[in-house]
Amino acid sequence: MTYYEIKKVFVRRGSKTALLMMLAVIAAVLYFVISENGYVNENGEEEKGAAAIAKVRELKKEWAGDLTEEKIRRVIEENVRISHTPEALSEDFDQNDIAYSKKQGFMDIRNLLVYSYGSFNDYDYYLPDSLSPDAAGDFYSNRLKNLKEWLDTDAEDQFSEEEKEYLIQTYEALETPLYYDYQAGWKSLFRYAPSILMIVTLLLSFLCAGIFSGEFQQRSGAVFYSSRYGRGKAVAAKIKAGLIIITMVYWGVILLYTGLVLGILGADGANCLIQSDAAGWKSIYNITNWQEYLLVVLGGYLGCVFMLLLTMWVSAKTNSAVTAVIVPFVLIFLPSFLSGTGIPFLNKILGLLPDQLLQMNQVVKYFNLYGIGGRMVKAAPVLLIAYAGFSLLLIPLIYRTYRKKEVY
């Protein structure tokens, strides 16, 4: 029966179209990934493709290793030297590109300098050009200093004293010196992961919404429920079919996406702490790129399962696939209209909505904290545990709802 329910979903033309759309989305993302990871040659001309990616990787590998005070000093000295060349000081953009080509190898580390030596929420791209090599010793201490200053000024009313102390402790717990390596593959993987996860969730809603409403739309509900296993095994088969479809499609898409991106850009830097890249410099999650990847894909799977189980429950409750399809759209897009309010309490609530599971790469950058049992807990574990429980509760609820349907 389970096989029959799965077959019913995939024989529909709309289902095949949805899967083709997913492949088209992955192809588009790969195009952007390759376009963004170009190489600027010594003439200031940009090159793209596998050869260009290999050249950038080779340049950045030269700077791989622990970000010690000596290495930070070297980066500052080299950056300042190049910034004072005629090409860099020229008003001709082509000449500026030539100067940029000489910085490509240490550009990731240079971006860290912007965050370390600037204030907590400001971004001054040109700040490293005026640094003194003697400032290299302040590279790590600045991170903690900037956090404390921000908590005492702009964020003074956003956190309780217990939360402020917890944030400071997580910063102090970061092991230094950080290890840096070429990690373009992970950066691109995380950048586009939320879009991939949201789209696969929405497309799966089209596949799963009709599992429970199909009989009523085809007016065959009376036959379904009057059969021997209509209110037992047949209902369970529908739930199993939904979970199998979600699992197969989700992991198929994610593994394909991961394999292609890392295959093109490389998986180097898997064990680098996320703070070794500018995007994760301020994070309170002291985890590696590989651990962040696990959070992204497992959180995405859990979010996808929860939203689609909820979709199937609405389908079973209303007998309408159209109504059910609306559910993931609301859960994904409505929170975006409410975010950015600057109201701490509202931000805490938004930080626990299911759409956050589809963008765990952003969750690890937020400072959402929750007091549970007298302890401070980050948002990521709360989301994973809470929605695992909600998903388990939805399964018997779907079974009970559809099993007790009345057919008129």
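These are my notebook entries on aromatic pairs, empty spaces and a few backbone details in a predicted model.

**Ground rules**

I number residues from 1 along each chain as its sequence is written, and my side-chain values use heavy atoms, with hydrogens and water left out. Since I have a predicted model here, local features need pLDDT of at least 70 and side-chain atom pairs count only at pLDDT 80 or more, while totals for chains, interfaces and linings use all residues.

**Entry 1: aromatic pairs**

I looked up the ring pairs and found that the structure holds 22 aromatic pairs. Rings of Phe, Tyr and Trp (its six-membered ring) pair if their centres lie within 6.5 Å; planes under 30 degrees apart count as stacked, over 60 as edge-to-face and the rest as tilted.

I opened F120 and W150, which are stacked, at 4.6 Å centre to centre with 20° between the planes. F120 sits in the loop between α7 (107-117) and α8 (141-152) and W150 in helix α8, so this pair ties together parts that are 30 residues apart in sequence. For the element names, I use DSSP runs numbered from the N terminus: helices are H or I of at least four residues, strands are E of at least two.

Are these two rings buried or exposed? F120 is buried, with a relative accessible area of 10%, and W150 also counts as buried at 10%. (Buried means under 20% relative accessible area, exposed over 50%, partly exposed in between, with a 1.4 Å probe and protein chains only.)

I next took Y250 and Y301: their ring centres are 5.4 Å apart and their planes at 50°, so I noted the pair as tilted. Y250 belongs to helix α13 (residues 233-265) and Y301 to helix α14 (residues 289-318), so the pair ties together parts 51 residues apart in sequence. Y250 is buried, at 1% relative accessible area, whereas Y301 is partly exposed at 23%.

Which residues join F120 and W150 in a cluster? I traced ring pairs that link them with F159 and F367.

**Entry 2: charges over rings**

I count a charge as over a ring if NZ of Lys or CZ of Arg is within 6 Å of the ring centre and within 35 degrees of the ring normal. The charged end of R110 sits over the ring of Y125, 4.3 Å from its centre. R143 places its charged end over the ring of W281, 5.7 Å from the centre.

**Entry 3: cavities and a pocket**

Rolling a probe the size of a water molecule over the atoms shows where empty space is left. My terms come from a 1 Å grid over the protein atoms alone: a cavity is a set of points where a 1.4 Å probe fits but cannot get out, a pocket is an open set with protein on both sides within 12 Å along at least five of seven lines, and lining residues have an atom within 4 Å of a point. Grid points are joined across faces, edges and corners, and a volume is the space filled by probe spheres set on the points.

I found 3 cavities of 30 Å³ or more. The largest cavity has a volume of about 70 Å³. Its lining includes Y250, which I met in Entry 1, along with L189, F190 and Y257. The elements giving two or more residues to that lining are α10, α13 and α14. I sorted the lining into 10 nonpolar, 1 polar and no charged residues. (Ala, Val, Leu, Ile, Met, Phe, Trp, Tyr, Cys and Pro count as nonpolar, Asp, Glu, Lys and Arg as charged, and the others, Gly among them, as polar.)

The second largest cavity is about 50 Å³. Familiar names turn up in its lining, including F120, R143 and W281. This lining divides into 3 nonpolar, 2 polar and 2 charged residues.

The second largest pocket holds about 500 Å³ of space. Of its 20 lining residues, E36, K60, Y100, D108 and K187 lie nearest its centre. I see that α10 (184-208) gives the most to this lining, with 4 residues. The split is 8 nonpolar, 5 polar and 7 charged.

**Entry 4: backbone details**

Most residues other than glycine have a negative phi, and most peptide bonds are trans. I noted that the peptide bond from T176 to P177 is cis, with omega near 5°. P177 lies in the loop between α9 (161-172) and β4 (179-180).
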